[in-house]
Amino acid sequence: MNKITLTIALLFGMISNAFSQEIDSIQFKIDSLENTFKYQTGTIQLGDGIGSIEVPKGFKYLDATQSEYVLTELWGNPKGSTLGMLFPENSGVMTTGSFVFDIQYDELGYVKDDDANDINYDDLLKDMQKEMEEGNER
């Protein structure tokens, strides 16, 4: 009985040690991968002059090229049109249970407002109020 107990204890110890080494190896690979990314903070220019974003406190930004790699190669998503991603500052691309904001822009629905400075908003409000009163009378 003692030989069986000793054998089981040795096997359990070997399996436990191998499992621990495997976890350490995986964590080392994740840390090595994470260290290849160059995160940014502050004001970030997006795309070809589309605009800019001020990275909020507590977050970090990953540029479009790196984000595309993460989205397609690491996470298995189809190729898209990301302008970058925002991560919580204490997480990375392989952090489980975290979240990310993928920044995108689509010109569809964009409305130029070049004439916005030419509009007299006081007159516009008066016209809208007058139309509302006339509609209420009906």
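Which residue takes a positive phi just after helix 2? Gly 76 does, at about 75°. The model described here is predicted.

**The sheet**

Four strands make up an open sheet. Their order is 1-4-5-6, and they pair in the antiparallel sense. Strand 1 and strand 6 stand at the edges with a single partner strand each, so one side of each has no neighbour in the sheet. Two bridges join strand 1 to strand 4. Tyr 39 has Leu 62, in strand 4, as its bridge partner.

| Element | Residues |
|---|---|
| Strand 1 | 39-40 |
| Strand 4 | 59-63 |
| Strand 5 | 82-88 |
| Strand 6 | 101-104 |
| Helix 2 | 64-74 |

**The helix across it**

Helix 2 lies across strand 4, strand 5 and strand 6. It runs at about 80° to strand 5. Asp 63 caps the N-terminal end of helix 2, with a side-chain oxygen 3.3 Å from the backbone nitrogen of Thr 65. Buried residues in helix 2 include Gln 66, Ser 67, Glu 68, Val 70, Leu 71 and Thr 72. Strand 4, strand 5 and strand 6 are among the elements that cover the buried residues of this helix.

**Phe 87**

Phe 87 sits in strand 5. Phe 87 counts as buried because its relative accessibility is 1%, and buried means under 20%. Among the residues Phe 87 touches are Tyr 39, Phe 59, Leu 62, Trp 75 and Val 100. Gly 58, Lys 60, Gly 92 and Val 93 also touch Phe 87. Phe 101 is 14 residues from Phe 87 in sequence, and their C-alpha atoms are 6.8 Å apart in space.

Terms used:
Residues numbered from 1 in each chain as written. Predicted model: local features only at pLDDT ≥ 70, side-chain atom pairs only at ≥ 80, totals over all residues. Heavy atoms only, no water. Pairing = 2+ DSSP bridges. Contact = heavy atoms within 4.5 Å. Axes fitted to C-alpha atoms, helices over the stretch in contact; angles between N-to-C directions. Buried < 20%, exposed > 50% of the residue type's maximum accessible area, 1.4 Å probe, protein only. Polar contact = N/O pair within 3.5 Å; in protein donor to acceptor, adjacent residues only side chain to side chain. Lists of a residue's contacts leave out its neighbours within four places in sequence.
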